[in-house]
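Consider the model shown below and follow it from the arrangement of its chains to the surroundings of a single residue.

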There are 2 protein chains.
Amino acid sequence: MTRILIEDELKGRSEVLVTGAQRKYLCTVLRMKPGEEVILFDQSGCEYTARFVSADRRCARLLILARRPSKSESPLRLILAQAILKAEKMEMVIQKAVELGASEIYPFTCERVVPVLRSHRKISRVERWNKIALEASRQCGRTRTMEVTRSLSFEEVLERRHSVDLGMLLCSRGEIALGRLACKLQRPNSVLIVVGPEGGFSDRELAMALDQGLLTVSLGPRTLRAETAGIVAVGLAQHRFGDLG
Amino acid sequence: MTRILIEDELKGRSEVLVTGAQRKYLCTVLRMKPGEEVILFDQSGCEYTARFVSADRRCARLLILARRPSKSESPLRLILAQAILKAEKMEMVIQKAVELGASEIYPFTCERVVPVLRSHRKISRVERWNKIALEASRQCGRTRTMEVTRSLSFEEVLERRHSVDLGMLLCSRGEIALGRLACKLQRPNSVLIVVGPEGGFSDRELAMALDQGLLTVSLGPRTLRAETAGIVAVGLAQHRFGDLG
């Protein structure tokens, strides 16, 4: 069934007026007819069944039929800090992280990041990443969208370690395997996973991460591509601490 | 360091003559000079440091310096049966499965598989998939290449359940979460994971799988794309039963 994000809170409402691009999507793309149903979500963690009633050139009118709490949001706040990769790889990581229930993505630059974003492209790139995240949320049944922040510096990523229970940095020379570490720990409420670029982190960056209290963890004996590492790390963390089961 | 697959067994040899495409790769692409070193592997689970000695138009001569057992092969025989996806998605799953240490991939067709391969394209497609697997093996440091079999029918996949210790089929209505199932089991030596197409399995196919003794397992509350499911299932199985740590 079609799923639509509504910016305003839906709680307590019996009717919604949909305008702009979403009206167009319902009326022109999907050619919805009165009586047909859609699912609405509003970032509150609930979703709503709604019936398409009517539409004119300005807005479409939907009647809310039922509200239910969603089971598709993980109790774990899971943040992936991903060094910026080439366009299609970065977009893939974002899409998969949404499906695996990540809450936020911090794209960041560090010494060995290859793609250079000029300042005027930085904003459009972040917009595009958020669009991909929204589309993936809609598709995989989530009721919240995963936020992709602006591009951060490595230092800014490390500072954010202090806002989570557990901070990990992936590297081939990690002190412990991610999975083994996970088995030893009590269930944290929030996890930050930092994944580097193809070329890995420099010794200086590793030292900085250790200084800030991040644990260095590895993902087995093979050399994973950066995008594989990001996806699998999110999957494993969601398995151990979240709702992947 | 450059890694090269040698078809013949290297054990006990002190010298290797490299011909054909691999000679060309060493001499023309990499422009190797006498004294430079490469790593050779031969599917035996060992790798060898070798020194480039000389080359002419027919072959390149390499001197084997040292042999060491590889730590990059998982003790788990892990087979991913993946319903055939669109070209670039299938190729991505194959590449990632290699990195995550899978031993074999069975591409298969079933009711809701969309890409239709004409018979003359079937062979070239399988050749291409194996080439991608070889390239990924080389890149991620493996000493064996993951075999991609010919395209199988769903029935043929199910029959192969009997050659492994544990057979699982992924579906959203699975009896138990893959991760939870994994926690309950003794460590199997061989695992088969069956992942369907975007449209999922039909009821008839699910019934057939249960008949053949496969367990149906799920991967959390969100709808994963087929390629995400394949990658994450291999990662989780390698984490629980293999060497992902």
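By what turn, and with what shift along the axis, can chain A be laid on chain B? In this predicted model, a turn of 180 degrees with a shift of 0.0 Å along the axis lays chain A on chain B, and the RMSD is 0.0 Å. The two copies are therefore related as by a two-fold rotation axis. The same surface serves both of the copies, since 100% of the contact residues of chain A recur in chain B.

Turning to chain A by itself, the secondary structure comes to 7 helices and 13 strands, and the C-alpha trace spans about 60 × 40 × 30 Å along its principal axes. Of the 245 residues in chain A, 42% are buried. Among the contacts in chain A with a separation of 6 or more, 76% are accounted for by residues 24 or more positions apart.

One residue may serve as a local example. A:Leu169 is found in strand E10 of chain A, which covers residues 166–170. Is A:Leu169 buried or exposed? A:Leu169 has 25 other C-beta atoms within 10 Å, and because 20 or more such atoms is the criterion for a buried residue, A:Leu169 counts as buried. When its neighbours within four places in sequence are left aside, A:Leu169 is in contact with A:Val194, A:Ala209, A:Leu214 and A:Thr216. A:Arg138, by contrast, lies 31 residues from A:Leu169 along the chain, and the C-alpha atoms of these two residues are separated by 30 Å.

Technical notes
Residues are numbered from 1 along each chain as its sequence is written. Chains are lettered from A and ligands numbered from 1 in the order in which they are written. This is a predicted model: local features need pLDDT of at least 70, side-chain atom pairs count only at pLDDT 80 or more; totals for chains, interfaces and linings use all residues. Helices (H or I, at least four residues) and strands (E, at least two) are DSSP runs, numbered from the N terminus. A residue is buried if 20 or more other C-beta atoms lie within 10 Å of its own, exposed if 12 or fewer, and partly exposed in between; C-beta atoms are placed from the backbone. Two residues are in contact if their C-beta atoms, placed from the backbone, lie within 7 Å. Copies are superposed by least squares on the C-alpha atoms of residues with pLDDT of at least 70 in both.
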